[in-house]
Amino acid sequence: MIPYLNLKAIHESIREELDEVYKKVMDNSWYIMGGYVERFEQEFAEYCGAKYCIGVGNGLDALRIIMQAYGIGEGDEVIVSANTFIASVLAITYVGATPVFVDAKEDTYTLDTSLIEKKITAKTKAIMAVHIYGRTVEMNKINEIAAKHNLKVIEDAAQAHGAKFQGKRTGNLGDAAGFSFYPGKNLGALGDGGAIVTNDKELADKMRAISNYGSKKKYCHRYKGCNSRLDELQAGFLSVKLKYLEQWNQERIRIAKFYNERIKNPRLILPCEDSLLEERNVFHIYPILCKDRDDLQKYLQENGIGTNVHYPIPISEQEAYNEYKHLSVEIPNTRRICREEISIPLYPGMTEEEIEKIVEILNKYGE
């Protein structure tokens, strides 16, 4: 069986380095807000090409804290792609703001920038640019629109560590960016974790305080904050793994290119070719569209290939957001993606035999 995701290979290759981090944290007996966190924050900010990084508990907290720091709340609106994981929208509603859904592009599955301006109102405060599946959004167009209407640009970069747009990496493409280090991400911890990246010092100081009970000085609380901090152990693990992120991303891109070149089946729609250019896509997910997705998933399972689906139900059709159900008519591309998307295995450490088998099985589908 080829699993959808197998992290053992990359972890085994760096086991000694990970073990060393564990030993040092245990020996130091310092578990929160210590040297490993400070080191990783510096390293990750530099990697993204930005000035500041604040480690937090997870990707959802990262996005929520950004909006809280900007003062976004009740009565405000935030434009967001309809094709996304629920965390993007939870962050908006947690601060009391209203998500304004914009449909995805038919070919890239990312937010359709041509639809943004018609959604802007006097209540709009920000655009959330979700780099879904590892592919960057058209950030030049988003930043132009934001500048024209005096809006903040918040990157949801949870799935796009290291992806680039016009030579700049995610985390340095908007006003602030939220990252997730969930274990399955391109840069994943061995537990939960997240980070905020920005070039705005005043904003960075405020977000750091918010994430630490709203406090810059112990027992002095300037903001109504929360407890969301990246711990020493995960920060140490992430510093180790960050050294290999470029190598792992290049491996993902290589496998994606192989798939795009070798999978030849008219029943399947593969990621568009331009996502292979200039590292715009680091392929956290390799999404295929198929009108008979359930049948394809069953076929792959029977042939020893694990799969996943991202994401079968649009946010506006989730029970938690039933108040937006009437808006589903406005997002036909997103609804189609939700109906047809299936993700096949793509991760560092896959063998050539596994990759070739997946191609062979997919090419035989429907025969």
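**Exercise 1.** Leaving aside its neighbours within four places in sequence, work out which residues Asn83 is in contact with, and whether Asn83 is buried or exposed.

*Solution.* Begin with the contacts, where contact means heavy atoms within 4.5 Å: beyond the neighbours within four places in sequence, Asn83 touches Ala104, Tyr109, Ile132, Tyr133, Thr334 and Ile337. One of these partners can be described further, since the side chain of Asn83 reaches the backbone oxygen of Tyr109 at 2.9 Å. Next, place the residue in the chain: Asn83 lies in the loop between strand 2 (77–81) and helix 5 (86–94), helices (H or I, at least four residues) and strands (E, at least two) being DSSP runs numbered from the N terminus. Finally, Asn83 has a relative accessible area of 1% and is therefore buried, a word that stands for under 20% relative accessible area, with exposed for over 50% and partly exposed in between (1.4 Å probe, protein chains only).

The structure is a predicted model, in which local features need pLDDT of at least 70 and side-chain atom pairs count only at pLDDT 80 or more, while totals for chains, interfaces and linings use all residues. Residues are numbered from 1 along each chain as its sequence is written, and side-chain values use heavy atoms, with hydrogens and water left out.

**Exercise 2.** Find how many aromatic pairs the whole structure holds, and describe the pair of Phe44 and Phe181.

*Solution.* Rings of Phe, Tyr and Trp (its six-membered ring) pair if their centres lie within 6.5 Å, and planes under 30 degrees apart count as stacked, over 60 as edge-to-face and the rest as tilted. A search of the whole structure gives 13 aromatic pairs. Among them, Phe44 and Phe181 are edge-to-face, at 5.5 Å centre to centre with 85° between the planes. This pair links distant parts of the chain, 137 residues apart, with Phe44 in helix 3 (residues 35–48) and Phe181 in the loop between strand 8 (176–180) and strand 9 (194–198). Phe44 is buried at a relative accessible area of 0%, and Phe181 also counts as buried, at 0%. Ring pairs further join Phe40, Phe44, Tyr47, Phe179 and Phe181 into a cluster.

**Exercise 3.** Determine which arrangement the rings of Tyr321 and Tyr324 adopt, and why.

*Solution.* The ring centres of Tyr321 and Tyr324 are 6.1 Å apart and their planes stand at 35°, so the pair is tilted. As for accessibility, Tyr321 is buried with a relative accessible area of 4%, and Tyr324, at 12%, counts as buried too.

How values were computed
A polar contact is a pair of N or O atoms within 3.5 Å; within protein, one must be able to donate a hydrogen and the other to accept it, and residues adjacent in sequence count only if both atoms are side-chain atoms.
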